[in-house]
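Reader: I've got the model open on my screen and I'd like to know where the labels come from. Can you walk me through them?

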2 protein chains.
Amino acid sequence: MSARILVIEDNADLAQGIAYNLKLEGYEVRITPDGRAGLDAAVRWAPDLILLDLMLPGLDGFEVLRALRTSGSRTPVIILSARAEEADKVRGFKLDADQYVTKPFGVLELLERVAALLRRAGHSATPREETLTFGDVRIDLARRTVAKSGQEVTLPPKAYELLLALVRRHGAVISRHDLLREVWGYGASVVSRTVDTHVAELRRKLEDDPAAPRHILTVWKIGYRLDS
Amino acid sequence: MSARILVIEDNADLAQGIAYNLKLEGYEVRITPDGRAGLDAAVRWAPDLILLDLMLPGLDGFEVLRALRTSGSRTPVIILSARAEEADKVRGFKLDADQYVTKPFGVLELLERVAALLRRAGHSATPREETLTFGDVRIDLARRTVAKSGQEVTLPPKAYELLLALVRRHGAVISRHDLLREVWGYGASVVSRTVDTHVAELRRKLEDDPAAPRHILTVWKIGYRLDS
DNA sequence: GCAGTTCCGACACAACTCCGTCACCGCTCC
DNA sequence: GGAGCGGTGACGGAGTTGTGTCGGAACTGC
C-alpha cells in the first residue's frame, strides 16, 4: 500500500514537478492550489503526509497548519518556504511542523525527508530500500554513509546527494541540467560546470582509477551515467 | 505479556501521540477523554499503569486520583500536568501519584518513567532491555546511570536523555530537529544549536578523545549519529 | 544562598561549495 | 588524418556555511 501525499502549493509548475517525482517513488499524490482547498483535502482525503507552502493565496500556510493541528490532526507536515528568515522558521516549529525546507531545495532532499517522516510514522513500507550498491560501493541510507569495498568513505553533503541522484537512475544518462535540478533545486543559481567538480570528487573517492572511471561515466556532450 | 497502560487525556492530539509511542514500545494502550470514563476504565480494564491529565472536562484529575485511591487501588499513576504550578499542587497532595510530568515533555522522558514504574511494580517483562552499551560505555536503565569502562559517569538529566535518544536509534543519523522533538518535546522553544552543547558534554564525558570522537559522530549539515 | 544545570550568544575554526583558469581530450569537418 | 573547436578534467583558492567551544546569564532543586 503506497502512502498518500497532499501537496498544497500555488505555483503549479513547482507542484507538478514535486508531484512527478513523488509519483516516481511510488506515492499517491494530490495537489491543491490554495489553503482552503488544501485544508479540505487534508480532512477528506486523509493523506499520510502533507507538503505545505507558506505563501498561499487566501488562507496562508500558517493558518492551514494551525487549523489542522487544532482540529487534532497529527498528519506529518513538511513546510516549503521561499523565505529563509529565522522568524518564519521559529513560527513553523512552534506550530509543530515536522520538517522545514527552504526554497530552492533539491528534489532528492525533499524525497529523503518524505521517506524519513513516513518511516517514522510507521509507513515503513515505502518503496525505498535501506542500502544501495554498485560495483564495490555500498550506500547506507539510514546511516548516510558510503563504503568502498568495506572501507568507509566520507562524502560531503552535495557529493552524497549527487551520488544518490546518479544511483537512483543508474544505467541512464542524466544531463547536468537534470542533476542540477534534482540536487541543487529549481532556480538554484549555480553554473552547470559545478556538477563536474562534484563528479570529480566522487570519482576520486569511489573509483579505483579516477582517471579511467568504470562506474561514473561521462557521456560526451550529454551528461553522466552510472554503471554497475 | 505486555503491560496495559491507560491514558486519561482530553487532548486527542496529545493522547494519540503518547499512545503511538507507548505502542511502539510494546505496551497495550487504551485512551479515555474524560475523568468519568477514565475512572470506569481504570476499574474495569485493570491497567498496570495510568497516565493522568489534570485538566479534564467534568471530573478532573485530582478527583479521579482520589476516587481511585480511596477505592483501594494501588495502580501506579503518572500525572501529566500542563503547568509547573500544578506540579506544585500535586506535590502538596503528598503523593498519591507516583510521578508527575510537566508539559511540554520529551517522549523519552515519559517512556523512561513508565518503564521505571512498571519495573518497580514487578512488570520487569517490559519490552525494553535493562542495559544498553556502545563502545566501552554501559547504560543502566533501571539505575539511570552511565559507566565508561566500568567507571561511573554522572550525566545531568538532559544529557542522559539525549544519550538515550541517540542510543535508541544508534547507527542511524538523527537530525537536531528530531532530537529536539524527542528529548525536549513538542513546542519546546529551544534553539537547535542547544543540542550541540549537550552533545559536546556527552563527548567530553564519554569519548576517549573528545576532539576526535569515535562514537558520537557529527554528520555535516544533518545531525548526529552514534556508532558502536 | 549554593551547586548544578540548562541554554544561548560570540567567536574561532573547520568543512564545504563553487568558480576561474588552464590543459587536454574527443568530435567534426575538410 | 590533422586542424580547429567546443567540452571535459584537474586544481587551487576565495567565500560561504556549519560546527566546536567557551563563558556567562537565568533558572532549579536542595
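Author: Let's begin with the contact between chains A and B in this predicted model. Chain A brings 10 residues to the contact, and chain B brings 15 residues.

Reader: What makes a residue count as part of that contact?

Author: The test is that two residues have C-beta atoms within 7 Å. On the side of chain A that touches chain B, there are three nonpolar residues, one polar and six charged.

Reader: Why is E112(A) called partly exposed?

Author: E112(A) has 17 other C-beta atoms within 10 Å. Buried takes 20 or more and exposed takes 12 or fewer, with partly exposed in between, so a count of 17 makes E112(A) partly exposed. E112(A) belongs to helix α5 of chain A, residues 107–120. From E112(A) to E161(A) is 49 residues in sequence, while their C-alpha atoms are 9.9 Å apart in space.

Reader: How do you know that the span of α5 in chain B is close to the expected one?

Author: Helix α5 of chain B, residues 107–120, has 14 residues. The expected span is 1.5 Å times one less than the number of residues, which gives 20 Å here, and the helix reaches 20 Å from its first C-alpha to its last. Its buried residues are V107(B), L108(B), E109(B), L111(B), V114(B), A115(B) and L118(B). Just past α5(B), G122(B) has a positive phi of about 95 degrees.

Reader: What makes β11 and β12 of chain A a pair?

Author: A pair needs at least two bridges, and four join β11(A) to β12(A), residues 223–226, so the two strands pair, running antiparallel. In one of those bridges, T218(A) has Y224(A) in β12(A) as its partner.

Reader: And why are β10 and β11 called edge strands?

Author: The open sheet has three strands in the order β10-β12-β11 of chain A, paired antiparallel. β10 (173–175) and β11 (216–219) each pair on one side only, which is what being an edge strand means here. From one strand to the next, the twist averages 35 degrees.

Reader: Which residues come nearest to DNA strand C?

Author: They are P156(A), K158(A), P156(B), K158(B) and T194(B), out of 21 residues around the strand. To count as near, a residue needs its C-beta atom within 6 Å. Helices α6 (157–168) and α8 (193–206) of chain A, and α6 (157–168) and α8 (193–206) of chain B, each supply at least two residues of that surface. The surface near DNA strand C divides into 14 nonpolar residues, five polar and two charged.

Terms used. Residues are numbered from 1 along each chain as its sequence is written. Chains are lettered from A and ligands numbered from 1 in the order in which they are written. This is a predicted model: local features need pLDDT of at least 70, side-chain atom pairs count only at pLDDT 80 or more; totals for chains, interfaces and linings use all residues. Axes are lines fitted to C-alpha atoms, for helices over the stretch in contact, and angles run from 0 to 180 degrees between N-to-C directions. Ala, Val, Leu, Ile, Met, Phe, Trp, Tyr, Cys and Pro count as nonpolar, Asp, Glu, Lys and Arg as charged, and the others, Gly among them, as polar.
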